[in-house]
Amino acid sequence: MSARLLVVALALFLPFSALANLFTVGQRLPPVGVYDAGEVIASAGDMDYRPWNSVGLTGRVRVVMHLAGRLSARDENAPLSAALAAAHLPPARFQTSIIVNADDAIPGSAVFVRASLRSAKRESPSTQFIIDNRGAVKRAWQLTPGSAAVVVVDSAGLIRFAKEGALTPAEINQVLSLLHQLLQ
């Protein structure tokens, strides 16, 4: 293949591959269900799991965070988590939903990831925690392995903001401003 033909082929392919893992503002999240583990539910002092589906992300304004089951992915958007906690948004109209891809954990650490999420659920019962043992969400949403994604959806379930990777301070402010606007 000549160099010129290779450049043309790459130029045609790259725009489509760059958009593969992006969400579309104004659209719904691609539907996906998590049936192996699923949402962490606190019941009678114990933790249980129930199937979870992204179609249920309606009724409240939400920040949906998808994290690889690694500390580095959690730390990518720790400043956003801190800002959300400090904002004291009304739990009747707002919820944070955290999906952890335990399939994308360092080998042997998935059991610690699950234990950490159960502990986090005890500390923050209004937050929705979902354990995805098989990486179904990452595949359905075409996310980058080992990373994090943040999506803001309105109460109708429409995407209002989305980004893969760490948010900048300006983007955190943008998310907080958007949340306040959506909650008025």
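**Exercise 1. Is Gly38 buried or exposed?**

Let's start with some ground rules. This is a predicted model, where local features need pLDDT of at least 70 and side-chain atom pairs count only at pLDDT 80 or more, while totals for chains, interfaces and linings use all residues. Residues are numbered from 1 along each chain as its sequence is written, and side-chain values use heavy atoms, with hydrogens and water left out.

*Step 1.* Get the cut-offs: buried means under 20% relative accessible area, exposed means over 50%, and partly exposed is in between (1.4 Å probe, protein chains only).

*Step 2.* Gly38 has a relative accessible area of 0%, so Gly38 is buried.

*Step 3.* Find its place: Gly38 sits in strand β1, residues 33–43. Strands here are DSSP runs of E with at least two residues, helices are runs of H or I with at least four, and both are numbered from the N terminus.

*Step 4.* See what surrounds it. Not counting residues up to four places away in sequence, Gly38 touches Tyr49, Arg50, Phe129, Ile130 and Ile131, where contact means heavy atoms within 4.5 Å. The C-alpha atoms of Gly38 and Ile130 are separated by 5.1 Å, although the two are 92 residues apart along the chain.

**Exercise 2. Sketch the overall layout of the protein.**

*Step 1.* Count the elements: there are six helices and seven strands.

*Step 2.* Put them in order from the N terminus: α-β-β-β-α-α-β-α-β-α-β-β-α.

*Step 3.* Check burial: of the 184 residues, 43% are buried.

*Step 4.* Look at how far contacts reach along the chain. Among contacts between residues at least 6 apart in sequence, 71% join residues at least 24 apart.

**Exercise 3. Follow two strands, β2 and β4, through three of their residues.**

*Step 1.* Begin with Asp46, in strand β2 (residues 46–53). Its relative accessibility is 48%, so Asp46 counts as partly exposed. Asp46 and Arg122 are 76 residues apart along the chain, with 9.5 Å between their C-alpha atoms.

*Step 2.* Stay in β2 for Tyr49, which is partly exposed at 27% relative accessible area. Leaving aside neighbours within four places in sequence, Tyr49 is in contact with several residues, including Gly38, Arg114, Arg118 and Ile131. From Tyr49 to Asp36, 13 residues apart along the chain, the C-alpha separation is 8.8 Å.

*Step 3.* Move to Gln95 in strand β4. At 11% relative accessibility, Gln95 counts as buried. Again leaving aside neighbours within four places, the contacts of Gln95 include Arg62, Val63, Thr127 and Gln128. Val63 is 32 residues from Gln95 in sequence and 6.7 Å away in space, C-alpha to C-alpha.

**Exercise 4. Describe how α3 packs with α6.**

*Step 1.* Know what to report: two packed helices are described by the angle between their axes and the distance between the axes. Axes are lines fitted to C-alpha atoms, for helices over the stretch in contact, and angles run from 0 to 180 degrees between N-to-C directions.

*Step 2.* Read off the values: α3 and α6 (residues 169–182) pack at an angle of about 35°, with axes 10 Å apart.

*Step 3.* List who makes the contact: Pro79, Leu80, Ala83, Leu84 and Ala87 come from α3, and Ile172, Val175, Leu176 and Leu179 from α6.

*Step 4.* Sort them by class: nine are nonpolar, none polar and none charged. For these classes, Ala, Val, Leu, Ile, Met, Phe, Trp, Tyr, Cys and Pro count as nonpolar, Asp, Glu, Lys and Arg as charged, and the others, Gly among them, as polar.

**Exercise 5. Which loop residues have a positive phi without being glycine?**

*Step 1.* Recall the background: most residues other than glycine have a negative phi.

*Step 2.* Take His88, in the loop between α3 and β4. Its phi is positive, about 50°, although His88 is not a glycine. With 68% relative accessibility, His88 counts as exposed.

*Step 3.* Add Gln142, in the loop between α5 (136–140) and β6 (148–153). The phi of Gln142 is positive too, near 55°. Gln142 counts as partly exposed, at 43% relative accessibility.
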